[in-house]
Amino acid sequence: MDWYPLWNSLRISLISAGIIFFVGIFAAHAIAAAPRIVKGLLDVILTLPLVLPPTVVGYLLLRLLGPRQPLGAWVLSHFQLRLTMNWWSAIFATCVVIFPLMYRTARGAFESFDETLADAARTLGRSERWIFWRVKLPCCRQGVLAGTVLAFARALGEYGATSMIAGYTPGRTATISTTVYQLWRTNSDAEAFLWVMVNIAISTAVLLCVNMLEQSSRRRQRKEAAHDALR
């Protein structure tokens, strides 16, 4: 059995989740502190990929990155690099699709952060960068980690946008999702079912991790509440 789709799906998901981890938390942190009107407008724009059909996202990416489109043609002419129909082309699709999950989860964590802790650090002369890395991010780590895990799981199961921008080539661009579809088309039900079970197993493990993070967060909140009550 060719395990390339599993390897390819895992590396695409890990790279995408790694990129969105940083992009998502910085966007969430900046927008959480923005004025209400600005926050509302940016929320709509940044969350749009969450509600758009994946094929629409794929189409828009093709209009941007295709070899005859502005950006794709420029990269191809200057660097002889085609931005579509490669295994890493799927990273563009998965990053766009999973960004709203990471952004919304991280933003919720930052909005629930107790700003008095940051104010206390400022009175000690700490910089905003120090406060972000040493105070805010550690306090919001449960939400950030949950968003990262969910983003990884969503990237692993992405099909619509990925199939449009990366296609399906065995041993080159195939992922678990595109392989299941191709096997179903060719009446290879046994192999398709095997890949379905692989995907279910990985997704189940990811969801268990999310549940463990949520339980850990609730236990920490109960301990903090009990500690405050005893003061």
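## A tour of the salt bridges

Start by selecting Arg122, which counts as partly exposed at 32% relative accessibility. Keep in mind as you look around that this is a predicted model. Now add Asp119 to the selection: this residue is partly exposed too, with a relative accessible area of 40%. The two side chains form a salt bridge, and the closest N and O atoms of Arg122 and Asp119 are 2.7 Å apart. Colour helix α6 (residues 115–123) and you will find both partners on it, 3 residues apart, or about one turn of the helix.

Next, select Lys39, Asp43, Arg104, Arg107 and Glu111 together. Salt bridges that share partners join these five residues into one network. Let's walk through parts of it.

Zoom in on Asp43 and Arg104. Their side chains meet in a salt bridge, at 3.6 Å from N to O. Where along the chain do Asp43 and Arg104 lie? Asp43 sits in helix α2 (residues 36–51) and Arg104 in helix α5 (residues 89–111), so the pair links distant parts of the chain, 61 residues apart. Switch on a surface here and compare the two ends of the bridge. Is Asp43 buried or exposed? Asp43 is buried, because its relative accessible area of 12% falls under the 20% cut-off. Arg104, at 39% relative accessibility, counts as partly exposed.

Stay on helix α5 and move along to Arg107 and Glu111. Both residues belong to this helix, and they are 4 residues apart, about one turn. A salt bridge connects them, with 3.1 Å between the closest N and O atoms of Arg107 and Glu111. With the surface still on, look at each partner: Arg107 is buried, with a relative accessible area of 12%, while Glu111 counts as partly exposed at 39% relative accessibility. A general point fits this stop: side chains of opposite charge can pair when their charged atoms come close.

Now zoom out to the full model. How many salt bridges does a search of the whole structure find? The search finds 8, among them the bridges visited on this tour.

For the last stop, select residues 6–214. An unreviewed UniProt entry places the feature "domain: ABC transmembrane type-1" on this span. Show it as a cartoon: the span is 80% helix and 0% strand. To finish, draw a distance between the C-alpha atoms at the two ends of residues 6–214, which lie 28 Å apart.

Conventions. Residues numbered from 1 in each chain as written. Predicted model: local features only at pLDDT ≥ 70, side-chain atom pairs only at ≥ 80, totals over all residues. Heavy atoms only, no water. Salt bridge = Lys/Arg side-chain N within 4 Å of Asp/Glu carboxyl O. Buried < 20%, exposed > 50% of the residue type's maximum accessible area, 1.4 Å probe, protein only. UniProt positions renumbered as here; feature names shortened; annotations may be inferred.
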